[in-house]
Amino acid sequence: MPPESNHLPDAPVGRVIASHSDRHTVEYDGRRYECALRGLLRKTGVEALCGDWVALDRLDDINGAARIVEILPRRVELARPRVANIDQVLIVHSVLDPAFNDEAVERLLIRAALCGIDALLCLSKQDLAPRDAIDAIAHRYEDHLNTPAIKASIRDPDTLTALVEALTGKVTALAGPSGVGKSSLLNALNPALRLRVADVSGKIGRGRHTTRHAALLEVRPHAWVADTPGFSNLKFTDTLPPALERAFHEFAAWRPDCAFANCLHLDEIDCAVRAQSGGELDRARYERYCVFQAEARECAERLKRESAKSEYGLKRLDAVGRGRTREEFRLKGKNREASRRVHRQRAVRDSQTETAHGEAFLEDVE
C-alpha cells in the first residue's frame, strides 16, 4: 500500500515507474501519468527515482499528465542502480558468455549489504555451461556467503519458476554486468515487455548496454523489477573502511578473536580473520577484500583532506612582483597563529594594563 503524504494528506499518491531526465512516468490508480516536478522541488535540487512514492496534483486524465508536488520519504535508496524503496537486489550473471566474474558479483553483494538489503544471485544462460560448473558456483555462494542462488535459462521455461517465486510480492532491483541476459530474462517472464537485447561482443568479450533508462517493470502480477542501465565497475571510494569491513558478514565468526576491536584485518597483529585466509576463509575472497579496502581508504583520505580544509581554509595569495597568485592552507579561527600586528597590539595592551595596575597599587600604598 502506498504511504500517505504528511504535508498533503488528501493528495493522490502514485509510484514512479520510469525516469528520463526531468520527465517521470507515475502509476496511480491503475493509470499512468507523464509528470514533471513542481518548480519549488526543482529549485531544491531533489530528484525523483524509480520506486519513489510521490504526491500528485493537476491530474489530467484526458492527456495522461500530472505534476509531482512532493517526494515521500524513502525506505531505502541505492546509488547504483539509482532506485528507491526496493525490497531486494537480484544480481544476474551468466556462467559463460560472458564468464562468471566473482569480483563483479561480490561488489554488488557488498553494496546491498551496506544498504541493509537482501540479495539473490541468478545464474543465467545455464544451458551454455556444464552442470558441474553451475553447481560449484551455486554451492560457493549459498553455503559460504549465505546468498540464495537461482539457476535460470530462457530456453527452459521450467527453470523460471523459482525466479518468479522469488520476485512475487516484492520490488526487486535488477543488477549485473551488461550482456549477462537481464533483459532477455525479463522478456521471458513477460513477453509483452519487448525489451531490446544484444549479443555479447566478440571483440571485447562483454555485453553491450541495451537498457538506456531506469524503469520499474511489472514482469508478473505483483512482481515489480527495476531494470536499470548496466555497468561494469563499482568502486568503494564512497565507503569508509569500518563500514566495508562490517559488510563482510562471514568475518563475524572470527572478529571477536582479533587483538583489536577496530581491526580491519589488513596488517594488524594477532588478526583472527587474516589467520583464516586460505583455510575456512577463501583466499581469493580475502584478497578481494583487501582490494576493496584500498578503495575505501581513498574515501577516508578524501574526508581527511576535506576536514583539513575546514580547519585551515584555502587562501589565495599574490606572488610578490610577478602578478601571479598562489594558494596555500592557513589555520583559521582559534587555531590560527596570530600575526605580528596582533602580537604588537597585545604587547601594547599588556603594557598599558601593567601601568594601570602599578599606578593603582601606588595610590593604595599612599
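**Exercise 1. Classify Phe251 and describe its ring pair with Tyr289.**

*Solution.* Phe251 has a relative accessible area of 0%. Buried means under 20%, so Phe251 counts as buried. Keep in mind that this is a predicted model.

Next, take the partner. Tyr289 also has 0% relative accessibility, so Tyr289 is buried.

Now look at the rings. The centres of Phe251 and Tyr289 are 5.0 Å apart, with 80° between the planes. Planes over 60 degrees apart count as edge-to-face. The pair is therefore edge-to-face.

Last, place both residues. Phe251 sits in the loop between α6 and α7, and Tyr289 in helix α8. They are 38 residues apart, and the pair links distant parts of the chain.

**Exercise 2. Find the aromatic pair of Phe248 and Tyr289, then the cluster around it.**

*Solution.* Start with the count. The whole structure holds seven aromatic pairs. In one of them, the ring centres of Phe248 and Tyr289 lie 4.9 Å apart and the planes meet at 80°, so this pair is edge-to-face.

Then trace the chain. Phe248 belongs to the loop between α6 (241-247) and α7 (272-275). Tyr289 belongs to helix α8 (residues 283-312). The two are 41 residues apart.

Check burial. Phe248 has a relative accessible area of 0%, so Phe248 is buried.

Finally, collect the cluster. One aromatic cluster is made of Phe236, Phe248, Phe251, Tyr286, Tyr289 and Phe292.

**Exercise 3. What does the side chain of His265 make a polar contact with?**

*Solution.* First locate the residue. His265 lies in the loop between α6 and α7. Its relative accessible area is 0%, so His265 is buried.

Now follow the side chain. It makes a polar contact with the side chain of Glu245, at 2.7 Å.

Then list the wider surroundings, leaving aside neighbours within four places in sequence. His265 is in contact with Glu245, Phe251, Cys258, Cys271, Val273, Arg274, Tyr286 and Tyr289. Look back at the aromatic cluster: Phe251, Tyr286 and Tyr289 are among its members.

**Exercise 4. Is Ser124 buried or exposed, and which backbone atoms does its side chain reach?**

*Solution.* Ser124 lies in strand β9. Its relative accessibility is 3%, so Ser124 is buried.

Take the side chain next. It reaches the backbone nitrogen of Ser94 at 3.4 Å. It also reaches the backbone oxygen of Val180 at 2.6 Å.

Now add the contacts, again without neighbours within four places. Ser124 touches Val92, His93, Ser94, Val95, Ala152, Val180 and Leu185.

**Exercise 5. How many residues of helix α5 are buried, and what do they pack against?**

*Solution.* Helix α5 spans residues 182-189. Six of its eight residues are buried, and the helix is mostly covered.

Name them: Lys182, Ser183, Leu185, Leu186, Asn187 and Leu189.

Then find their partners. The strands are β8 (88-94), β9 (118-124), β11 (171-175), β12 (215-220) and β13 (223-227). The helix α4 (161-167) is also a partner.

**Exercise 6. Map the nonpolar cores.**

*Solution.* Begin with the largest core. It has 33 residues. Ile86, Val89, Leu121, Leu123 and Tyr141 touch the most other members.

Which elements give two or more residues to this core? They are β8, α2 (102-114), β9, α3 (131-144), β11 and β13.

Zoom in on Val89. Beyond its neighbours within four places, Val89 is in contact with Leu78, Ala112, Ile117, Asp118, Ala119, Leu120, Thr172, Ala173 and Ala175.

Apart from the largest core lies another, of 21 residues. Its members include Cys122, Leu163, Val180 and Val225.

**Exercise 7. Classify Asp97, then inspect Arg15.**

*Solution.* Asp97 is in the loop between β8 and α2. At 41% relative accessibility, Asp97 counts as partly exposed. Its C-alpha atom is 9.0 Å from that of Ala129, 32 residues apart along the chain.

Turn to Arg15. This residue lies over the face of Trp224, at 5.1 Å from the ring centre.

**Exercise 8. Summarise the whole chain.**

*Solution.* Count the elements: nine helices and 15 strands. Then take burial: 42% of the 366 residues count as buried.

Next come the contacts with a separation of 6 or more. Residues 24 or more positions apart account for 61% of them.

End with the surface. The chain exposes about 21500 Å², and carbon and sulfur atoms supply 49% of it.

Methods: Residues are numbered from 1 along each chain as its sequence is written. This is a predicted model: local features need pLDDT of at least 70, side-chain atom pairs count only at pLDDT 80 or more; totals for chains, interfaces and linings use all residues. Side-chain values use heavy atoms; hydrogens and water are left out. Rings of Phe, Tyr and Trp (its six-membered ring) pair if their centres lie within 6.5 Å; planes under 30 degrees apart count as stacked, over 60 as edge-to-face and the rest as tilted. Helices (H or I, at least four residues) and strands (E, at least two) are DSSP runs, numbered from the N terminus. Buried means under 20% relative accessible area, exposed over 50%, partly exposed in between (1.4 Å probe, protein chains only). A charge sits over a ring if NZ of Lys or CZ of Arg is within 6 Å of the ring centre and within 35 degrees of the ring normal. Contact means heavy atoms within 4.5 Å. A nonpolar core is a set of buried Ala, Val, Leu, Ile, Met, Phe, Trp, Tyr and Cys residues joined through side-chain atoms within 4.5 Å. A polar contact is a pair of N or O atoms within 3.5 Å; within protein, one must be able to donate a hydrogen and the other to accept it, and residues adjacent in sequence count only if both atoms are side-chain atoms. Accessible areas come from the Shrake-Rupley method with a 1.4 Å probe; for residues, only the protein chains shown count as cover.
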